[in-house]
Amino acid sequence: MSYELVEKLKKEIEGFRDDAKFENVGSVIEVGDGIARIRGLKTAKSMELLSIQTRAGERFALAFNLEESFIGVVILGDPTAVSVGDTVRGSGEILSLPAGDELIGRVVNPLGEPADGKGVIFKHQKDAQRYFLERRAAGVVERESVNTPLHTGIKSVDAMIPIGRGQRELIIGDRGTGKTAIALDTILNQKGENVVCVYVAVGQKNSKIARIQRILEEHDALKYTIMVSAPASAPAAFQYLAPFAGAAIGEYFMDAGKDALVVYDDLSKHADAYRELSLLLKRPPGREAYPGDVFYLHSRLLERAAKLSKENGGGSLTALPIIETKLGDVAAYIPTNVISITDGQIYLESGLFYKGVRPAVNVGLSVSRVGSSAQTKAMKRVAGQLRLELAQFRELEAFVQFASDLDESTRKKIQRGQVLVEILKQRDLEPMKFTKEVAMLYAALGGYCDDIVHTDLARFEKEFIAYLEKMHKADVLDEIEKTRALSDTAEEKLKNAIEHFKKIFS
């Protein structure tokens, strides 16, 4: 063998050794229904993003079940492209999405990719800050108590079931009772309040998501809103990830010292998607076929809502989860789970809805565990007796038909209750600023509306608010807005304004 040939072989062997790399790879041994089982990848972590090399190109999956002999993964995207024998590689990265101000006004999928056809969101993906979909909630030491109101613009909610920034308030009721309408009114009412809103649609029809997007655009609310879309047509994996994506986006703004609101619409469908994935991965079913950790699923999601202390930036993340009940059964598994996790609930009753009381809030079953801590001094002073008066009216409501036979005090309570029910009625997509709510509730609870015919109360409210806007904006409305309280001077001016308006109201 010549000397040149030996030297050439030596170089080749050395080069081979230099280039040698050992990769931790696995292969697909079973696939179906958006789920795959993978042999190998012993170093894979929970929620790690995995790369599957298919004939159609690269596909991604999420490590879900870490078992002794294989890994159960959830395929992200089209599952039909994955087949048995495909090679799988670990990325070493836990699932995350890009977060930033660029997301505002956009519709994205649970991976942070655009879903509105408006092109790329981040010009330089590498520069975008990434947030994990699963993240540890802020500890007790990092938080402070909820003390700032987040006004919904709905009189009955702001007066009796106040929501504070950093709170978790459940919206619960049967299908078609106006749950999404309350969430939408709350989003619309944040205009000019420096609150970034995130609306998460889980398992909703595409037509409903498109309608909500159109409403937000028409009311100029998309300028401060982000939509995370996982419609009914999306794979169960996307429906499962969507609320966590919404929480991650909200946390970006909270960490930046801003106030954020996230609406989960709805967590019933989220629980169904998680149940589907769990059963396909052969996790043991429990009550109503849900896996035993479905409570932990929602608790680790909702615990991420917080009001951070000033040392940690002072930002907040408020959560409005929505739960759909069947025939008003609030004692079902998922409703009781979420009720026990949240700081109160707004219960919408079908009976009230069909009577024409809208929003159909059942005052007896609705509660805010934050209470008056999340109310302005003005609202606290005005609405203190509202819940009591409505409760008394509900007890006496059955006697309305015998009104002529009742004593004077009972008749007055019934009459006042009927006035309050009419005043608290509100149309969808017409939230009211809290200064106007205070003025209107002051007039109703002060007895100024008792002598007005019930059919004229809606007109009275509309014309009275317009009168205040025109004649008393600076000395009444702006004063309440500025001080957040109803001073004796402002109260006297408001009283005079009501009396003067009543004289001209016909």
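How many helices and strands does the secondary structure of the chain come to? The count is 16 helices and 17 strands, in what is a predicted model.

**Figure 1. The whole chain, before we zoom in.** Along its principal axes, the C-alpha trace spans about 120 × 45 × 40 Å. To get a feel for that, pick out E14 and K355: their C-alpha atoms sit 85 Å apart in space, with the two positions 341 residues apart in sequence. E14 belongs to helix α1 (residues 3-19), and it counts as partly exposed because its relative accessibility is 47%. Over the chain's 506 residues, 54% count as buried. Among contacts with a separation of 6 or more, 74% come from residues 24 or more positions apart.

**Figure 2. Helix α5 against helix α7.** Here α5 (residues 236-255) meets α7 (residues 294-302), with axes that come within 10 Å and cross at roughly 20°. That angle is under 35 degrees, so α5 counts as roughly parallel to α7. The crossing of α5 past α7 is left-handed. On the α5 side, look for Y240, P243, F244 and A247; α7 answers with L297, R300 and L301. By class, this contact of α5 with α7 splits into six nonpolar residues, one charged and no polar.

**Figure 3. Helix α3 against helix α4.** The next pair is α3 (residues 179-188) and α4 (residues 206-218), packed at about 30° with their axes 11 Å apart. Again the angle is under 35 degrees, so α3 is roughly parallel to α4. This time the crossing, α3 past α4, is right-handed. T180, L184, I187 and L188 are the α3 residues in the contact, and they meet K208, I212, I215 and L216 of α4. The contact of α3 with α4 has six nonpolar residues, one polar and one charged.

**Figure 4. Two nonpolar cores.** The largest nonpolar core holds 79 residues, and L216, I346, L386, F464 and L494 have the most contacts inside it. Helix α13 (residues 434-445) gives this core its largest share, nine residues. Zoom in on F464 and, leaving aside residues up to four places away in sequence, you'll find it touching A439, M440, L494, I498 and F501. L216 is worth a second look too: it is one of the α4 residues that meet α3. Apart from the largest core lies another one, of 69 residues, with L49, L103, L111 and L241 among them.

**Figure 5. Two cis peptide bonds.** Most peptide bonds are trans, and that's the reason for giving these two a view of their own. The bond from D265 to D266 is cis, with omega near 0°. D266 lies in the loop between β13 (259-265) and α6 (267-280). The other cis bond joins R358 and P359, and its omega is about 5°. You'll find P359 in the loop between α9 (350-355) and β17 (367-368).

**Figure 6. Two aspartates with positive phi.** Most residues other than glycine have a negative phi. D33 isn't a glycine, yet its phi is positive, about 60°. D33 sits in the loop between β1 (25-32) and β2 (35-40), and with 65% relative accessibility it counts as exposed. D220 also has a positive phi of about 60° without being a glycine. Its loop is the one between α4 and β12 (225-230). D220 has a relative accessible area of 30%, so it is partly exposed.

Technical notes: Residues numbered from 1 in each chain as written. Predicted model: local features only at pLDDT ≥ 70, side-chain atom pairs only at ≥ 80, totals over all residues. Heavy atoms only, no water. Axes fitted to C-alpha atoms, helices over the stretch in contact; angles between N-to-C directions. Helix = DSSP H or I, 4+ residues; strand = E, 2+ residues; numbered from the N terminus. Parallel < 35°, antiparallel > 145°, perpendicular 65-115°, else oblique. Left-handed = near helix turned anticlockwise from the far one by under 90°. Contact = heavy atoms within 4.5 Å. Nonpolar A, V, L, I, M, F, W, Y, C, P; charged D, E, K, R; others polar. Buried < 20%, exposed > 50% of the residue type's maximum accessible area, 1.4 Å probe, protein only. Core = buried A, V, L, I, M, F, W, Y, C linked by side-chain atoms within 4.5 Å.
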